[in-house]
Amino acid sequence: MKKLISITLTIIMMLSAIIIVPTASAKEIRSGDYSYKFLDDGTISITRYYGKDKDLKLPEEIDGNKVTKISNYAFSPRGIALLNKFDSVVISNTIVTIGRDAFLECKIKEFRFGNNVRYISNTPLREGIVCDKIKVPKNNKYFTSKSGVLFTKSMDKIMLYPKEKKGSSYTIPKGVKATATRTFYENKYLKEVKFPKTLTSIGNSAFAFSTRLEKVDFSGNLRNIGTFAFTDCKELKTINIPKNIVKIGKSAFSGCESVEKINIDANKNLKIYNWAFANCNYVEKLVVPKVYEDGVFAYCGWLEKITIPANVKTIKAFEFFGCLELKTVTIPKTVTCIEEKAFGYTDDGYDGYEKIKGFTIKGKKGSTAHKYAKKNGFKFVAI
């Protein structure tokens with residue numbers, strides 16, 4: 001089971017990072033250092049780059065045709081020996097759209113937007129823009145940059161924090177309400193990021209694989225923590241979830257291996273999704289919150305004691321699957337539903353399940369806990 005879950009999570013996280021580059025279309029035209037194709041409006045999109053410039057300024061026209069778009073993966077290496085390191089990349093003023101992962105796996109010291117860039121995909125530059133800073137001209141109506149960081153023009157959303165921007169601490173400016181998808185993805189310098197009181201939402205994978213991140217404060221007006229938001233932030237030690245949080249997305253903190261404490265002061269409307277805290281290995285004690293989906297605390301390997309408050313009526317499927325040190329649980333009579341393999345099970349090493357040896361349930365005779373123990377063949381101690 002653990003192998004299956006691990007594979008599933010990996011696939012979900014990494015599928016979008018795989019370079020799936022379409023084969024050259026018959027409609028693509030090669031001209032000098034570029035290939036391009038015509039769009040429906042008669043303008044063209046750059047589909048591939050063959051040159052070796054270190055300071056690259058994209059053309060406004062190719063063969064007399066206006067360039068308005070950079071296609072998905074246009075500057076990615078594509079498995080052949082292309083130069084994918086640039087001192088600077090300047091987007092021309094005619095370009096309106098930057099496609100998904102247009103610069104995937106390119107290393108760029110300085111990335112400059114053009115005046116008319118308006119549309120970028122959810123992960124337009126992602127791991128591609130490994131750079132020190134991003135610059136946006138004042139005339140661009142849709143984006144701006146501050147200290148080399150990319151924002152929407154209104155400064156209400158932080159879009160991208162460059163991977164090679166040095167510094168161990170960063171304060172998101174006041175007025176920012178949300179982070180985009182993968183804003184701080186795979187950052188290797190930041191130990192702390194400070195949120196303004198205006199921030200209400202953290203985007204999917206916003207801080208995923210930020211391996212040095214140690215401290216995050218979720219207080220204030222923050223409400224939503226996105227899917228995979230902090231996955232594999234291996235230096236986080238404590239996760240404090242205050243009452244202002246109403247959503248914790250799928251696998252939001254999965255793989256945060258150094259976390260020792262998870263404190264959840266649950267909002268009555270809080271929804272916690274699948275595997276949100278899976279593989280938080282060093283947590284030993286936990287007050288169980290209400291959860292919305294399955295496997296939320298699976299594979300918390302050192303977890304040995306849980307407290308189930310009276311307001312928790314349901315223990316979801318696989319909620320504590322693979323928690324090998326959780327040998328005894330006391331389940332109050334207020335729990336009225338225990339779903340499949342919620343407690344007492346782990347992997348058998350062959351993509352199946354097996355019971356945790358010596359697993360014991362304590363509870364009231366005739367209760368849901370008693371019925372679960374009897375159904376699954378676990379030792380039951382009446383209290």
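Two strands are counted as paired if DSSP finds at least two bridges between them. Helices (H or I, at least four residues) and strands (E, at least two) are DSSP runs, numbered from the N terminus. The model is predicted: local features need pLDDT of at least 70 and side-chain atom pairs count only at pLDDT 80 or more, while totals for chains, interfaces and linings use all residues. Residues are numbered from 1 along each chain as its sequence is written, and side-chain values use heavy atoms, with hydrogens and water left out.

The chain contains two helices and 33 strands. Of its 383 residues, 52% are buried, where buried means under 20% relative accessible area, exposed over 50% and partly exposed in between (1.4 Å probe, protein chains only). The accessible surface of the chain is about 18000 Å², and carbon and sulfur atoms account for 48% of this surface. Accessible areas come from the Shrake-Rupley method with a 1.4 Å probe; for residues, only the protein chains shown count as cover. Contact means heavy atoms within 4.5 Å. Among contacts between residues at least 6 apart in sequence, 39% join residues at least 24 apart.

Several strands pair in the parallel sense. One open sheet has three strands in the order S15-S17-S19, with parallel pairing. Strand S15 (169–171) and strand S19 (215–216) are the edge strands, each pairing on one side only. Between S17 and S19 there are two bridges, in the parallel sense, and Val-193 has Val-216 in S19 as its bridge partner.

Another open sheet of three strands follows the order S28-S32-S33, and its pairing is also parallel. Strand S28 (328–330) and strand S33 (379–382) stand at its edges; each has a single partner strand, so one side of each is left without a neighbour in the sheet. On average, neighbouring strands of this sheet are turned by 20 degrees against each other, direction ignored. For this angle, axes are lines fitted to C-alpha atoms, for helices over the stretch in contact, and angles run from 0 to 180 degrees between N-to-C directions. S28 pairs with strand S32 (residues 360–363) over three bridges in the parallel sense, and the bridge partner of Thr-330 in S32 is Lys-362.

S21 and S23 form a parallel pair over four bridges. Opposite Lys-261 in S23 stands Thr-238, and opposite Asn-263 in S23 stands Asn-240. The side chains of strand S23 (residues 261–264) alternate: Ile-262 and Ile-264 are buried and point to one face, while Lys-261 and Asn-263 point to the other and are not buried. In S21, Ile-239 and Ile-241 make up a covered face, and Thr-238 and Asn-240 an uncovered one.

A nonpolar core is a set of buried Ala, Val, Leu, Ile, Met, Phe, Trp, Tyr and Cys residues joined through side-chain atoms within 4.5 Å. The largest such core has 77 residues, and those with the most contacts inside it are Phe-218, Phe-230, Phe-253, Phe-277, Phe-320 and Phe-343. Two or more residues of this core come from each of strand S13 (149–152), S21, S23 and helix H2 (368–376). H2 gives the largest share, three residues. Leaving aside neighbours within four places in sequence, the contacts of Phe-343 include Ile-306, Phe-320, Val-329, Phe-359 and Tyr-372. A second, separate core has 33 residues, among them Leu-56, Val-89, Ala-102 and Phe-113.

The buried residues of H2 include Ala-369, Tyr-372, Ala-373 and Asn-376. These residues cover an arc of only 95 degrees around the axis, which puts them on the same side of H2. The arc is that of the directions from the helix axis to the C-beta atoms. Exposed residues Lys-371, Lys-374 and Lys-375 lie on the face of H2 turned away from its buried side. The cover over the buried residues includes strand S29 (337–338), strand S30 (345–347), strand S31 (353–355), S32 and S33. Just after H2, Gly-377 has a positive phi of about 75 degrees.

Positive phi values also occur in residues other than glycine. Arg-182 has a phi of about 60 degrees and is found in the loop between strand S16 (178–179) and strand S17 (192–194). Arg-182 is buried, with a relative accessible area of 5%. Asp-232 likewise has a positive phi, near 60 degrees, and its place is in the loop between strand S20 (224–225) and strand S21 (238–241).
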